[in-house]
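Colleague: I am new to this structure and would like to go through it slowly, one question at a time. Could you show it to me before we begin?

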Amino acid sequence: MAYESINSGVVSSSNMNSANSVPDVEKILYLLKPYQTPLLQYLWFSGRKSKEVRSPFAKFSWFENELYPHQTTNKAAITASGTPASLTLTTSNCNSLTIFNVDDIVLIEETDQMAYVSSRTTSQVVLSHIDGATNLTSIQNEGIYLKIIGSRNTEYSGVRTAMSVKEIEKFNYLNIFSESVATTGRHQAGETYTDGVDHAALVAKKIEEMKLQAERYFLFAPSQGYATSGNYRTTWGHGFLGRIQSNVNSYSPTLDEDTFDDHLKEVFQKGSNRKIHLCGSGQLMEINKFIKTRYELNPNPTVSVYGVNIREYLTPFGSIDLIWNPVMDGKFTNYGFTIDADKVRLRHMAEDKKGSRKFRIEEGVETPGVDGTTTKILMDLGIEIHNEECHGILKMEG
């Protein structure tokens, strides 16, 4: 019998047979992941239930309306003319003529004069002094509010022309999120030192990855639409970044309390008086900095706890729940999405022959006869954001 090696003297770890030693491997596989997806968690589990989409085109829509507008602004100086002097509003000097009705009482904020609409056509509106005799003063500056505060009616007046805001249809599309996990028969039969790498664990890991993917999509998707390829159709819907057009504010290079309050003042003008502010770590640190300056430490020489932990931010206009969203990285670490949660809803495709399209796991989708297993995970989802003027975006410039 031949021996490959002979140990001489003390046997130690340096000369033992390494192939015959059992490594000390922790049985748990530690998966690194962000610990929360707050937007998706809210959409999925809040009291505001998701709603099915039954259109085969994966398009869903809703109608929005608002109260009749009460003011507009001028975009150029307006010179008073005539006897008595009046102001003539046109499409070239006023942002909206359509809101005015004959005999509306209009407050001109620059001069605090009360006027009324003495005549109106599709191309011009004439404002005369409320008493019909006094001269109106010219408007010198741009951006002056012309505010409707009532109507000028005589005794035994007839019925005024009816004016109302027409509803507008808004829409979005669902997006199909689809991933798979495939393992061979030998991979399934073999043993590993740690958990977390068998087929079931890989499926669970893929579900977590898809949750993060959907979270990013609902926040950052900038557009909506569809495309066709042969006999098939693909759709994509926008998220908050593509839907919110109003109340988009910026700061540079740092965020201060006044800028944050000005942003919230705009957002709270419409909608509920409690909103959610989802922000990245960069912006949350900026908020934390100016909040910390408002607090004084007790002059006790021994300090065991330092800092502030603000989860709710109160303003005269409403309250904000501050929530850090760890998936907001890259440039979005310095973004914040101010959301009126009452006006957001998850949409999902209705069931098909295989079951739920909101979320499902399909086992055994591998080609028959192959030596292995493939599992498919499917979500067919979209987000419905009502009244975008009730939401807002705060971001760092650049």
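Modeller: Before we turn to the faces of a strand, one term is needed: a residue is called buried when its relative accessible area is under 20%, exposed when that area is over 50%, and partly exposed in between. Please keep in mind throughout that this is a predicted model.

Colleague: Which residues of strand β2 form its covered face?

Modeller: In a regular strand the side chains alternate between the two faces of the sheet. Strand β2, which spans residues 59–64, fits that description, with K59, S61 and F63 on its uncovered face. The covered face is made up of F60, W62 and E64.

Colleague: Which residue of strand β9 stands opposite S61?

Modeller: Strand β2 pairs with strand β9, residues 168–173, in the antiparallel sense, and the pairing runs over six bridges. Within β9, the residue standing opposite S61 is F171.

Colleague: Which element of the protein chain has the lowest mean pLDDT?

Modeller: For the protein chain the mean pLDDT is 91, and 94% of the residues reach 70 or more. Where pLDDT is low, the predicted coordinates should not be read in detail. Among the elements, strand β4 (residues 87–90) has the highest mean, 98, while the lowest, 87, belongs to helix α1 (residues 38–45).

Colleague: Is R357, which meets D352 in a salt bridge, buried or exposed?

Modeller: Side chains of opposite charge can pair when their charged atoms come close. The side chains of D352 and R357 do so at 3.0 Å, N to O, and D352 is partly exposed at 28% relative accessibility. Because the relative accessible area of R357 is 15% and the cut-off is under 20%, R357 counts as buried.

Colleague: Which residue forms a salt bridge with R360 besides D352?

Modeller: R360, which is buried at 9% relative accessibility, has its closest N and O atoms 2.8 Å apart in the salt bridge with D352. A salt bridge with closest N and O atoms 2.8 Å apart also joins R360 to a residue that is buried at 9% relative accessibility, namely E362.

Colleague: How many salt bridges does the structure hold?

Modeller: Some of them link D352, K354, R357, R360, E362 and D380 in a network. For the structure, the number of salt bridges is 17.

Notes. Residues numbered from 1 in each chain as written. Predicted model: local features only at pLDDT ≥ 70, side-chain atom pairs only at ≥ 80, totals over all residues. Heavy atoms only, no water. pLDDT = per-residue confidence, 0-100. Helix = DSSP H or I, 4+ residues; strand = E, 2+ residues; numbered from the N terminus. Salt bridge = Lys/Arg side-chain N within 4 Å of Asp/Glu carboxyl O. Buried < 20%, exposed > 50% of the residue type's maximum accessible area, 1.4 Å probe, protein only. Pairing = 2+ DSSP bridges.
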